[in-house]
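Subject: The structure you asked about

Hi,

Here is the structure, as promised. Have a look at it first, and then read my notes underneath.

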Amino acid sequence: MRVGIIGAGQLGRMIALAGIPLDMAFRFLDPTPNSPAGQFAEQILAPYDDTEGLTQLAKDCDVVTYEFENVPVSAAHLLETQVTLYPPSNALAIAQDRLSEKTLFQEQGMGVPPFRKVDTRQELESAIEAIGLPAVLKTRRMGYDGKGQAVLRTPQDVETAWANLQGVPLILEGFVPFDRELSLIGVRDAQGSTVFYPLVQNTHREGILRLTIAPAPNVSAELQAHAESLMRGLMDTLNYVGVLTIELFEVDGKLLANEMAPRVHNSGHWTIEGAETSQFENHLRAICGLPLGGTAVRGYVAMLNLIGDTPPRKAVLEYPETHLHLYGKSPRPGRKVGHITVLAQNETERNEIVGALLRLIGEDGV
C-alpha cells in the first residue's frame with residue numbers, strides 16, 4: 001500500500017516510521033529540500049498548491065493524507081477528484097478558520113469562550129464591549145504556536161494589536177482563566193468505529209507546547225467520557241476519518257474547546273512508546289481500512305519538546321526510562337527539533353526524571 005502525504009516535516013516522518021513495519025510505502029509533497037521525512041522517503045519538491053505536484057503525489061497512491069492543517073483547501077479539493085483523501089476537506093476547511101471552528105463547536109453543544117468576528121475597527125470596539133477585557137485578538141487563519149494573536153488587557157494593548165494584526169479577518173475571544181490545558185486525541189475509521197486516548201495535560205510557554213503528561217492527573221471517568229462523547233459527535237458530523245485532536249481548557253471541572261487539529265498532534269507524541277498503539281499507526285490504520293489499535297497507556301508517561309536546540313544525547317539517555325526522538329532539523333530559535341518521552345513505572349519516578357530533564361534542556365521554569 002502506498003500513502004501520499006502533504007508535508008514532509010517531523011509529523012510526516014513519524015507517520016512513515018509507523019507505517020514501514022506494516023509494509024507501507026510513502027510519497028511526500030513539500031517545497032523544502034532535505035525535509036525530515038524526505039531524508040528517507042520519496043519527496044516531490046513542489047508548493048502545496050502545485051497542480052502538477054499534487055497529481056504526481058496522487059499517482060499510484062491508495063490514499064493521501066496531510067501532516068498539518070494549513071494545506072490549501074483548493075489542493076485538498078483537487079486531490080479528492082483523483083484519490084481518496086483523509087481526513088476530508090470539509091474538516092480541513094473548518095479547522096483553518098477559527099470563526100468556523102468555534103461556530104461548529106457551539107453547534108455541537110461544546111463549551112467555548114465567548115467570541116466575536118472582527119473585520120473592522122468598529123467591530124473590534126463592539127466585540128470588546130460585548131466580551132470585555134482581558135480578551136485575545138487572533139487571526140482567523142494561519143495562526144499556530146502562539147503566532148497571529150495578542151492578549152488585550154488595556155486600551156494600549158488594543159491599539160498595538162490592531163496595528164499589528166489589522167488587514168486580515170480576525171476573531172476576538174474572551175480570555176479564559178483556565179485551571180489547566182488538556183487535549184484529547186481520537187481516531188475514527190470510515191465505518192464510524194472510534195477509539196480515544198486518555199486526556200493529557202499540556203504546558204505551553206510562548207505559545208509553544210513544552211510538556212505533556214499522560215494521562216492527565218486527576219481526571220475522573222466522567223470527564224473522560226464527556227470529552228469522548230463531544231469528540232465522537234464532532235467526528236460523526238464531519239464524517240471524519242483519521243486522527244483528530246481537540247485542545248481544551250479545564251475551568252472549575254468543566255471543559256471549554258479551544259481548537260481542533262485534523263491530524264496527528266504534538267501532544268500525542270508520547271503514544272509512540274507510551275500507548276498500546278501510537279497515534280501515527282492508528283492514523284494509518286484508520287485511513288487505510290485496517291482495524292484500529294488499542295490506546296491504553298503503558299505506564300506513567302511524559303513528553304518534553306526540544307525547542308531550538310538538542311541536548312547531548314548521552315545526557316538524555318543516562319535515564320533508561322527515556323526515549324529520544326530527533327527530527328533531522330538544524331537548530332533555530334523557536335523550532336521544534338525533537339522530543340523526549342519518559343516512560344516510568346510510577347508517578348514519583350516520572351516526575352523526578354521530568355524535573356531533571358527540564359533542567360537539562362533549560363525548561364526548568366515550565
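Below is what I found, going from the cores to a cavity, one helix and a few single residues. Keep in mind that this is a predicted model.

**The cores**

Let's start with the largest nonpolar core, which has 36 residues. The members that touch the most other members are V3, F26, F28, W270 and L284. Several elements give two or more residues to this core: the helices are α1 (10–19) and α10 (279–287), and the strands are β1 (2–6), β2 (25–29), β9 (180–188), β12 (208–214) and β15 (300–307). Of these, α1 gives the most, with 5 residues. In general, nonpolar side chains tend to be buried together in soluble globular proteins.

W270 deserves a click. Leaving out residues up to four places away in sequence, W270 touches Y197, P198, V200, T212, A214, A275, V297, V301, M303 and T341.

There is also a second core, separate from that one, with 29 residues; L99, L182, Y240 and I246 are among them.

**The cavity**

I246 turns up again here, since I246 is one of the residues lining the largest cavity. How many cavities of 30 Å³ or more does the structure hold? There is 1, and the largest cavity has a volume of about 40 Å³. Along with I246, the lining is made by M110, L184, A227, L230, M231 and L248. By class that comes to 7 nonpolar residues, with no polar and no charged ones. Both α8 (221–238) and β13 (242–251) supply at least two lining residues, and α8 gives the most, with 3.

**Helix α7**

Now turn to α7, residues 155–165, where V158, A161, W162 and L165 are buried. Why do these residues line one face of the helix? Looking down the axis of α7, the buried residues fall within an arc of 100 degrees, so they share one face. The general background is that an α-helix has 3.6 residues a turn, so residues three or four places apart point the same way.

What do the buried residues of α7 pack against? Their partners are β5 (115–118), α6 (121–131), β6 (135–139), β7 (149–152) and β8 (170–174). On the face turned away from the buried side you'll find the exposed residues Q156, A163 and N164. Just after the helix, G167 takes a positive phi of about 105 degrees.

**Three single residues**

S278 sits in the loop between α9 (271–274) and α10. Is S278 buried or exposed? Its relative accessibility is 10%, so S278 counts as buried, the cut-off being under 20%. Apart from neighbours within four places in sequence, S278 is in contact with A18, Y197, T271 and I272. Y197 is also on the list of residues that W270 touches.

I340 is in strand β17 (residues 336–344) and is buried too, at 0% relative accessibility. I340 and H323 are 17 residues apart in sequence, yet their C-alpha atoms are 5.6 Å apart in space. H323 is among the residues that I340 touches, not counting those up to four places away in sequence; the others are A302, M303, L304, L306, V316, T322, L324 and L357.

Last comes T103, in helix α5 (residues 98–107). T103 is partly exposed, with a relative accessible area of 28%. T103 and L11 are 92 residues apart in sequence, and 28 Å apart from C-alpha to C-alpha.

Cheers

Note on methods: Residues are numbered from 1 along each chain as its sequence is written. This is a predicted model: local features need pLDDT of at least 70, side-chain atom pairs count only at pLDDT 80 or more; totals for chains, interfaces and linings use all residues. Side-chain values use heavy atoms; hydrogens and water are left out. Buried means under 20% relative accessible area, exposed over 50%, partly exposed in between (1.4 Å probe, protein chains only). Helices (H or I, at least four residues) and strands (E, at least two) are DSSP runs, numbered from the N terminus. The arc is that of the directions from the helix axis to the C-beta atoms. Contact means heavy atoms within 4.5 Å. On a 1 Å grid over the protein atoms alone, a cavity is a set of points where a 1.4 Å probe fits but cannot get out, and a pocket is an open set with protein on both sides within 12 Å along at least five of seven lines; lining residues have an atom within 4 Å of a point. Grid points are joined across faces, edges and corners, and a volume is the space filled by probe spheres set on the points. Ala, Val, Leu, Ile, Met, Phe, Trp, Tyr, Cys and Pro count as nonpolar, Asp, Glu, Lys and Arg as charged, and the others, Gly among them, as polar. A nonpolar core is a set of buried Ala, Val, Leu, Ile, Met, Phe, Trp, Tyr and Cys residues joined through side-chain atoms within 4.5 Å.
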